[in-house]
Amino acid sequence: MSEPKKPRNITTITPDRTKMPEQPPEERRKNFKEVALGFTEEQAAREADRCIQCKKPLCVPGCPVGIDIPGFIKAIAEKDYPRAYEILLASDLLPAVTGRVCPQEDQCEATCIVGKKLEPVAIGRLERFAADYALAHGLARVPEIRKRPEKVAVIGSGPGGLTCAADCARAGLQVTVFEALHVAGGVLKYGIPEFRLPNAIVDQEIANLLKMGVEIKVDHIVGKIFTIPQLMGEMGFQAVFIATGAGFPKFMGINGEGLNGVMSANEFLTRVNLMTGFEFPRTGTPVGMGKRVATIGAGNTAMDSSRTALRLGAEKSYIVYRRTEKESPARREELHHAIEEGVEFLWLNNPVEILGVEGWVKGMRCIKMDLGEPDESGRRSPVPVPGSEFELEVDTVIYALGTKANPIIASTTPGLKTNRWGYLEVDPETQETSIPGVFAGGDIVTGSATVILAMGAGRKAAKGILKRLGIDG
Amino acid sequence: MYKILKKQVFSPVTYLWELEAPDLARACRPGHFVIVRHKEGGERIPLTIADFDRERGTVTLVIQAVGASTQEMMAFEEGDHLLNLVGPLGIESHIQNYGAVVMVGGGLGVAPVFPQLRALKEAGNRTISIIGFRSKDLIFWEEKFRKYSDELIITTDDGTFGEKGLVIVPLKRLLEERPGGIQMVTAIGPGIMMKACCETTRPFGVKTLVSLNTIMVDGTGMCGSCRVSLGKEVKFVCVDGPDFDGHLVNWDELMRRQNRFRREEAHSIEQCKLNPKGGGA
Ligand SMILES: Cc1cc2nc3c(=O)[nH]c(=O)nc-3n(C[C@H](O)[C@H](O)[C@H](O)COP(=O)(O)OP(=O)(O)OC[C@H]3O[C@@H](n4cnc5c(N)ncnc54)[C@H](O)[C@@H]3O)c2cc1C
Ligand SMILES: Cc1cc2nc3c(=O)[nH]c(=O)nc-3n(C[C@H](O)[C@H](O)[C@H](O)COP(=O)(O)OP(=O)(O)OC[C@H]3O[C@@H](n4cnc5c(N)ncnc54)[C@H](O)[C@@H]3O)c2cc1C
Ligand code: SF4
Ligand code: SF4
Ligand code: FES
């Protein structure tokens, strides 16, 4: 089969990680096609060879769902792609998604031993390679399932809900997913843009779930069409998993936010991604973006908005953030991509007022900030520099300041405990809420977090549900 | 998919659909609305539930063709299916026995007034309805309104039927003639008409509720497209409304925000004319 093993260790492996082919910045800033093109088989083999197959792999505890990383990388090295995919699926329902959007540099790759001396193994890129290969070659197998009579309702079809649905379905439960929007996928569909995560990838993963017998009912807002007490009562569901995300946009409360041209990143991205506004008027929903766009905030959402603005033809796309590049919560790769594409960063600046003429945005007054003394947490908080106000000429302002909990479920479910920010309280072992049989996970519990954490919570909840129903998982 | 059981055309630009939607019919209350999408790639269009029948499992929408989507939707016939329908959205209207109430509907706003009128009548209120249309041939639902109104006043802008002029004329007269005799006014219609009603009632200090039709996308509180300023507060119409105290609404901002997509929409209608392939289910 494979060649005789050469001794592999930190001194003999290729020092630099394999580059992933990308569309050049000047090209891609004009289209919505995926930026990173994925490894070829040769590139994957080269990178897989950089993993020294640690006996005690440090990368695994860095992954929130504990994927057998050396295992799947070894399978890639041996060109046994079906096995690589199997290993991934054992811990991660959506490897084609996490391989693209996980903050790997803070997780598995941050703890990879190779990274102590050289560049860490490109675990995420390999994960994406194996998953894409499997999807392209139809390797996704539908497991044999012995049906059971118990019914589970999953509310929300983001990564948390989909994972819990898959695990419950594998155990034979009858699963119905209720989704508020007209498509399934949550933020993967309406938030993260096409150039980072193509909708077709998400749709393929969802199609696999449907093959397992999961039913997805779109256009169903739980709390409106049915309540949780109804689901658990007359509708005969024995357990419910709430994964409704945290999509309630925040504004700052400064003057001018009611002007035309001010919107949340959720509105902007939803108009573009979910409603395919970039094809307007071939499709029905306009976006309403001008030519000079300022995005406030510097997380993943802000990167996605400012880069989307460029693709829609913005002449200027600024990011305005009150701290420095170092504090930006975005993935490094995305920040880097945004810089390459020509997004202009105004670090250490805070908006104080949005200015308008005849009801439309014409500018934004900002004030320069300075990092003050570190507080108890050690973080230096920004303080305004007196007299440093200036005007930025823009016609569109996008708020990407994060989101809050959506109150629809909590306000229609008596006895469901929330914390003071409106997020649901759960038992950290089982994800069960204050109501027996009702579980929750993902952003609606943690606040805005990551895809992989939502998936981890969905998996844990599925275990909790099986235990609650007296079924061995 | 939701079947259109009945279609009725009121005028060249207004039509009614009765849709088969049993779960929705069971869950909805007066004041609720839905969002529909008529084709792949289509816009999400919010529409008020103008009537519902729990026994038959139906909801009724009354629609005015104002832009590309609502014009294309007019091509749907009985037996056709609507692609997406989600609801009930918003907070149901607060129904209680106020005493005497005046229900004002302007143009298409007449339809969404109806479920509230019926509920208020059934709650024991004395109901006075004022419904206004541009012209006689645009009038609809006169009988439905008569059935639940103790008094019914119809106005037309051009005087071809009922009182000539705007709805605020009889509204003001009622308030003047019956000091302290009216406990609540509800006004639904175009922004400019609701604003005028609020300015009419303000000096009399009569509580005035309006139903706001801001531009929406998801209708679940996720995007903030529908936000409106009420005094110093910002509210999301889709989850905090659509009914609000009209005396607090910043009308100028509201009406301005409704024109946010004017340029794009004009373009879209042009395209729709050049290439009229939309419509059909
Ligand atoms: C623009 C953007 C970029 C991001 N980039 C990254 C990234 O690069 N990497 C990363 O790891 N994370 C990223 N995140 C965060 C990540 O997407 C979320 O943490 C993750 O999607 C949370 O998953 P979830 O299952 O909890 O909820 P969501 O994905 O938010 O899904 C919740 C679903 O529930 C539905 N819903 C809500 N209420 C109801 C109801 N009452 N009834 C029925 N359905 C309901 C919603 O419509 C939605 O579809 C990003 C987020 C955004 C907004
Ligand atoms: C809570 C609510 C209840 C409503 N009830 C009814 C009803 O019962 N009957 C009815 O005919 N109309 C109703 N409307 C208005 C209706 O949604 C719009 O007329 C429709 O969306 C216009 O779509 P269009 O593509 O045909 O026109 P467009 O050309 O897109 O727009 C024409 C005008 O309609 C408004 N509009 C556009 N898009 C939206 C949107 N997504 N949401 C709201 N307004 C928009 C704007 O003011 C725009 O200038 C309601 C709106 C809301 C918010
Ligand atoms: S799921 Fe994320 S953290 Fe885990 S191995 Fe894959 S990329 Fe790394
Ligand atoms: S820590 Fe790095 S080198 Fe070791 S097994 Fe994990 S990926 Fe391979
Ligand atoms: S329509 Fe999106 S928040 Fe109201």
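This is a short talk about a predicted model with two protein chains, A and B, and about three of its ligands.

Let me begin with the place where the two chains meet, since it gives us a frame for the rest. In this model, 39 residues of chain B are in contact with 41 residues of chain A, and together the two chains bury about 3,400 Å² between them, with 58% of that area lying on carbon and sulfur atoms. If you would like three residues to look for on the chain B side, try B:Met222, B:Arg227 and B:Arg256, which supply 18% of the area that chain B buries against chain A, more than any other three residues.

How many salt bridges are counted between chain B and chain A? The count is one, and it is formed by B:Arg260 with A:Glu267, where the closest N and O atoms are 3.1 Å apart. In addition, 12 residue pairs are counted in polar contact between the two chains, with both residues of each pair at pLDDT 80 or more.

Which parts of chain B make up this side, then? Helix H1 (22-27), strand E8 (84-89), helix H8 (251-257) and helix H9 (262-274) of chain B each supply at least two residues of the side that touches chain A, and the largest share, six residues, comes from strand E8 of chain B. When we sort that side of chain B by residue class, we find 13 nonpolar, 13 polar and 13 charged residues.

While we are looking at strand E8 of chain B, please notice B:Pro88, which has its place in that strand, and which is joined to B:Gly87 by a cis peptide bond with omega at about -5°. A cis peptide bond also runs from B:Gly241 to B:Pro242, with omega near 10°, and here the proline is found in the loop between helix H7 (237-240) and strand E17 (243-245) of chain B.

Now I will turn to the ligands, starting with ligand 1. This ligand is surrounded by 35 residues, and the closest are A:Val101, A:Gly160, A:Glu179, A:Arg196 and A:Asp443. Two of these closest residues also appear among the polar atom pairs: an oxygen atom of ligand 1 is 2.7 Å from an N or O atom in the side chain of A:Glu179, and a polar side-chain atom of A:Arg196 lies 2.9 Å from an oxygen atom of the ligand. With A:Ala180, by contrast, the backbone takes part, as one of its N or O atoms lies 3.1 Å from a nitrogen atom of ligand 1. On its own ligand 1 has 1,000 Å² of accessible area, and the protein covers 94% of it.

The shell around ligand 1 draws on several helices of chain A, for helix H9 (159-170), helix H14 (300-311) and helix H18 (451-468) each supply at least two residues, and helix H14 gives the most, with three residues. By class, the shell has 17 nonpolar, 13 polar and five charged residues.

Ligand 2 takes us to chain B. There are 23 residues around this ligand, the closest being B:Pro46, B:Val62, B:Gln64, B:Thr70 and B:Leu108. An oxygen atom of ligand 2 is 2.7 Å from a polar backbone atom of B:Gln64, another such pair joins a ligand oxygen to a polar backbone atom of B:Gln258 at 3.0 Å, and for B:Ser69 an N or O atom of the side chain is 3.1 Å from an oxygen atom of the ligand. Taken alone ligand 2 exposes 850 Å², of which the protein buries 88%.

Strand E4 (45-48), strand E6 (58-64) and helix H2 (68-73) of chain B each supply at least two residues of this shell, and strand E4 has the largest share, four residues. The classes here are 12 nonpolar, eight polar and three charged residues.

What is the make-up of the shell around ligand 4? It has 11 nonpolar residues, no polar residues and no charged residues, and among the residues that surround this ligand are A:Cys51, A:Cys54, A:Cys59 and A:Cys112, together with others such as A:Ile52, A:Pro57 and A:Val114.

I will finish with one detail of the backbone in chain A. A:Thr276 has a phi near 45°, which is a positive value in a residue other than glycine, and you can find A:Thr276 in the loop between helix H13 (265-274) and strand E7 (292-296) of chain A.

Technical notes. Residues numbered from 1 in each chain as written. Chains lettered and ligands numbered in written order. Predicted model: local features only at pLDDT ≥ 70, side-chain atom pairs only at ≥ 80, totals over all residues. Heavy atoms only, no water. Near = heavy atom within 4 Å. Nonpolar A, V, L, I, M, F, W, Y, C, P; charged D, E, K, R; others polar. Polar contact = N/O pair within 3.5 Å; in protein donor to acceptor, adjacent residues only side chain to side chain. Areas by Shrake-Rupley, 256 points an atom, 1.4 Å probe, with all protein chains shown as cover. Contact = heavy atoms within 4.5 Å. Buried area = accessible area lost by both parts, 1.4 Å probe. Salt bridge = Lys/Arg side-chain N within 4 Å of Asp/Glu carboxyl O.
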